[in-house]
Amino acid sequence: MAYTLAIQFEKIKKEISVFLGKLKSFALPKDTLGVVWLFTLGTVGWLIIVGMAAMNMRTYLVYPDNSAGIGPTYYLSLTLHGWSAMFGVVPDAAFAVIAFSMYKSGLSTVNAKRIAYLFWASNLALVFALLGGPDMSWYMYPPLAIEENSVFKAFLIYQSPVLIGLAYIALAINSIGGTIIPIILLADAYATKPKNQKLNIFAAYGVAFAAIIALTMPALSAAELWYALYFLAGIPVDSLLWLILFWFYGHPVVYYVPFPLFGALYYYIPKAAGRELYSEKWARMNIYLLAIGSMLIWVHHLQTFPLPVVLRLWANFATLILAAGSGLTVLNLGLTVLLSNGYNYKDPISMSFLIAFIGFILGGVQALPQPFDIVNPIIHNSYFIVGHFHLIIWTLIIVGFTGVFLDLLKSSNVNFDYSKIASRLITTGILLWTVPFMTIGYLMSVEGYLGMLRRVIAYLAIFEPFNLAISLLAEIGIPGLVLAISSAIGDYVMRKVTVGTDVSVQTSTSISMNIGKEVKVDG
């Protein structure tokens, strides 16, 4: 009996050891696909938190008998939603797409472990900050973000100046990690790029916007460290200078994921159309237009400030330059599809990127009137703005990222392809997600034009039907994305595919992580 128990104990001990080894190989990957998987799962984790916080907010927005005491809970949900999205989802998703673009062009992450350490430091630091119960919305404007009185608390749980200072240091660690990671990716891309070989269009966009992240993220780190110094050392904060630092990061950050995904659109849509990109020269030239423009137009976020007329004219002109770059993308990809002999709608990856492209067009047009002084006062700080940027998030970012995820599964084993049933379910799920959320975006924009203010829990009765419809459509749309992702994973697992890189799925109940050789896919 004792001998049998000893054998069983040794067997369990060995299995635990094997499991821990596999867990370590996943947490600290050694190759490019392992890095992509790490950031992909980080993105999914933060998306779950973002969605839960959003639905909690929607619950309060449609409940007619809220008391004044519900305010802190509502604004806590709002801040969890915003911080998890902008400090969690955005960098993780951007780095996943950039690393995958490198892989698709035959580049490698030589410093994969260093990137993984920074991933954990950045994400765990954000978790620490969120556990303090931040209550000032994601943009952290002064003086609210550093004010402490009987009405307002910067953090609901972290009450002492030391804890608040540490929370802001944690946020700085998060953004410093987000600065160093793209620098490492750039260095790895340079080190592993074959001589006299041009990067494919996907990697060209990924590498270019890794540079934009590395250039603009330090401004956020400086702003967060300034707050930490205020609480820990009493150093005063100049509100205007702080805002300049913040918006130097705060506008480009909205492009951290979309512009690398532009590279994905340029890469995948021609493949699905069965022809070359209409003009690769336009696409590569557009990198400079988008990269430079993304860093020039942050001033248009200060529309309510007494800005000189010349500065306002410059902000409008620079915004149009950036819009021209986006328009060039639409024209280039549109001609690629229209002049093809037929688009491959049956392939779920191809369909994902087509839907992301159409969604970008329908969401992007709403941005055109925003910087103009004659229009901005009507829509500034309203749900029109919320509708616009959420349309881009729900279509280009989430559907585009889903397309990358679908190809990530295929790239993890070149012998895997989606079955007809899975392909139909994935496409159906993406459409079930897109149609309701596209409708939500336009409903938000209409109620914003009518006067519904953003970040406000109290509103006129005229907006109640809008908010009820938005919440109902969200309940319909979310299962669509779940259907698409679960169908892809289910098809992958049930067909017992063995992956040749960092991740392998052997049965529906047994997932093993193996370190293998780097597989360089078409470039």
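This is a short talk on one protein chain, going from the overall fold to a few helices, ring pairs and loops.

Please keep in mind throughout that the model is predicted. Every value I give is computed from that model.

I will start with the whole chain. The protein has 523 residues, and 56% of them are buried. Its secondary structure comes to 15 helices and 2 strands. The exposed surface is about 22800 Å², with carbon and sulfur atoms supplying 71% of it. Take the contacts in the protein with a separation of 6 or more: 81% of them join residues 24 or more positions apart.

Now two helices. Helix α3 covers residues 71-104, which is 34 residues. From the first C-alpha of α3 to the last is 47 Å, close to the 50 Å expected at 1.5 Å a residue. Where does α3 kink? The kink in α3 is centred on A85 and comes to about 35 degrees. As for its surroundings, 29 of the 34 residues of α3 are buried, so this helix is largely enclosed by the rest of the structure. After α3 comes G106, which has a positive phi, near 80 degrees.

Helix α11 is made of 17 residues, 348-364. At 1.5 Å a residue α11 should span 24 Å, and its end C-alpha atoms are 24 Å apart, so the two agree. Of these 17 residues 14 are buried, and therefore α11 too is largely enclosed by the rest of the structure.

Next, one residue that sits in another helix. L265 belongs to helix α8, residues 258-273. Is L265 buried or exposed? It counts as buried, because its relative accessibility is 1% and the cut-off for buried is under 20%. What does L265 touch, leaving aside its neighbours within four places in sequence? The list is P270, L333, F353, A356, F357 and L396. F357 in that list is 92 residues from L265 along the chain, yet their C-alpha atoms are separated by 7.2 Å.

Also on the subject of side chains, the charged end of K271 sits over the ring of Y267. The distance from that charged end to the ring centre is 4.9 Å.

That brings me to aromatic rings. A pair of rings is described by two things, the distance of the centres and the angle of the planes. The count for this protein is 39 aromatic pairs. One of them is F119 with W120, an edge-to-face pair with 5.0 Å centre to centre and 85 degrees between the planes. F119 is buried, at a relative accessible area of 4%, whereas W120 counts as partly exposed at 32%.

A second pair is Y141 with W247. Why is this pair called edge-to-face? The ring planes stand at 85 degrees, with the centres 6.4 Å apart, and an angle over 60 degrees counts as edge-to-face. Y141 lies in the loop between α4 (112-131) and α5 (161-192), and W247 lies in helix α7 (residues 239-250), so the pair ties together parts that are 106 residues apart in sequence. Here Y141 counts as partly exposed, at 24% relative accessibility, and W247 counts as buried, at 9%.

The last part is about the backbone. Most residues other than glycine have a negative phi, and most peptide bonds are trans. There are some departures from that here.

The peptide bond from P142 to P143 is cis, with omega near 5 degrees. P143 is in the loop between α4 and α5.

N196 is not a glycine, and its phi is positive, near 60 degrees. This residue is in the loop between α5 and α6 (201-233). With a relative accessible area of 85%, N196 is exposed.

R455 is not a glycine either, and its phi is positive at about 60 degrees. Where is R455? The place of R455 is the loop between α14 (420-450) and α15 (464-494). R455 is partly exposed, with a relative accessible area of 22%.

I will finish in the loop between α5 and α6, with K198. K198 is exposed, at a relative accessible area of 56%. Apart from neighbours within four places in sequence, K198 is in contact with E280 and R284. S105 is 93 residues from K198 along the chain, and the C-alpha atoms of the two are separated by 9.0 Å.

Technical notes: Residues numbered from 1 in each chain as written. Predicted model: local features only at pLDDT ≥ 70, side-chain atom pairs only at ≥ 80, totals over all residues. Heavy atoms only, no water. Helix = DSSP H or I, 4+ residues; strand = E, 2+ residues; numbered from the N terminus. Expected span 1.5 Å × (residues − 1). Buried < 20%, exposed > 50% of the residue type's maximum accessible area, 1.4 Å probe, protein only. Contact = heavy atoms within 4.5 Å. Phe/Tyr/Trp six-rings, centres within 6.5 Å; stacked < 30°, edge-to-face > 60°. Lys NZ or Arg CZ within 6 Å of the ring centre and 35° of its normal. Areas by Shrake-Rupley, 256 points an atom, 1.4 Å probe, with all protein chains shown as cover. Bend = angle between axes of the 7 residues up to and from the residue.
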